[in-house]
Amino acid sequence: MSRTDRGVLIVRILDELTAHRRALGNVPAEYCVWIDTLIASVSSTIPEIVGMQDVEFNRVLSEFEKLMATLDDVSHTKKQPETIH
């Protein structure tokens, strides 16, 4: 994967994180510090992430994949209506 492709992929991940953050809009800010910090950290280190060795870059992608799966699970759990028994 070229550096340009890596950069595009990281920006897409940032867009996804930002979308999840927007979905937390009604959550008090003090509970969203972790995602705000993550977005800021990734945004400021894109050149370093893009320049990582393949093994390191793949590890970072794997961790983002796990995070996105968790965020998707949490957001889908919140959207499901409760069942009456």
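# Close-up views of a four-helix chain

**View 1. S44 counts as exposed, at 53% relative accessibility.** Exposed stands for over 50% relative accessible area, buried for under 20%, and partly exposed for what falls in between (1.4 Å probe, protein chains only). The model is predicted: local features need pLDDT of at least 70, side-chain atom pairs count only at pLDDT 80 or more, and totals for chains, interfaces and linings use all residues. Residues are numbered from 1 along each chain as its sequence is written, and side-chain values use heavy atoms, with hydrogens and water left out. S44 belongs to helix α2. A polar atom of the S44 side chain lies 3.1 Å from the backbone oxygen of S41. The pair is a polar contact (N or O atoms within 3.5 Å; within protein, one must be able to donate a hydrogen and the other to accept it, and residues adjacent in sequence count only if both atoms are side-chain atoms).

**View 2. The whole chain has four helices and zero strands.** Helices (H or I, at least four residues) and strands (E, at least two) are DSSP runs, numbered from the N terminus. Read from the N terminus on, the elements follow the order α-α-α-α. The protein chain has 85 residues, and 24% of them are buried.

**View 3. S43 in helix α2 reaches the backbone oxygen of I39.** The side chain of S43 comes to 2.8 Å from this oxygen of I39. S43 itself is partly exposed, with 38% relative accessibility. Its C-alpha atom is 8.8 Å from that of I10, although S43 and I10 are 33 residues apart in sequence.

**View 4. V42 is a buried residue of helix α2.** Helix α2 covers residues 33–44. The relative accessible area of V42 is 5%, so V42 is classed as buried. V42 and I10 are 32 residues apart along the chain, and their C-alpha atoms are separated by 8.3 Å.

**View 5. R21 of helix α1 pairs with D36.** Side chains of opposite charge can pair when their charged atoms come close. R21 and D36 form a salt bridge (a side-chain nitrogen of Lys or Arg within 4 Å of a carboxyl oxygen of Asp or Glu). Their closest N and O atoms are 2.6 Å apart. R21 lies in helix α1 and D36 in helix α2, so the salt bridge ties together parts that are 15 residues apart in sequence. The two side chains also make a polar contact, at 2.6 Å. R21 is buried, with a relative accessible area of 19%, whereas D36 is partly exposed at 32%.

**View 6. R6 forms a salt bridge with D54.** The closest N and O atoms of R6 and D54 are 2.3 Å apart. R6 is in helix α1 and D54 in helix α4; with their positions 48 residues apart in sequence, the pair links distant parts of the chain. R6 is buried, its relative accessibility being 5%. A search of the whole structure finds three salt bridges, among them R6 with D54.

**View 7. E63 and K66 form a salt bridge within helix α4.** The closest N and O atoms of E63 and K66 are 3.2 Å apart. Both residues lie in helix α4 and are three residues apart, about one turn of the helix. E63 is partly exposed at 46% relative accessibility, and K66 is partly exposed at 48%.

**View 8. D15, E16, D72 and D73 form a negative surface patch.** Two or more residues of the patch come from each of α1 (3–23) and α4 (54–79). Residues of a patch have over 30% relative accessible area and no salt bridge; like charges are joined within 9 Å, and nonpolar side chains (Val, Leu, Ile, Met, Phe, Trp, Tyr) within 5 Å. Asp and Glu count as negative and Lys and Arg as positive, while His and the chain ends are not counted. D73, one of the patch residues, sits in helix α4. D73 is exposed, with a relative accessible area of 51%.

Conventions:
Accessible areas come from the Shrake-Rupley method with a 1.4 Å probe; for residues, only the protein chains shown count as cover. The place of a charge is taken as NZ of Lys, CZ of Arg, CG of Asp or CD of Glu.
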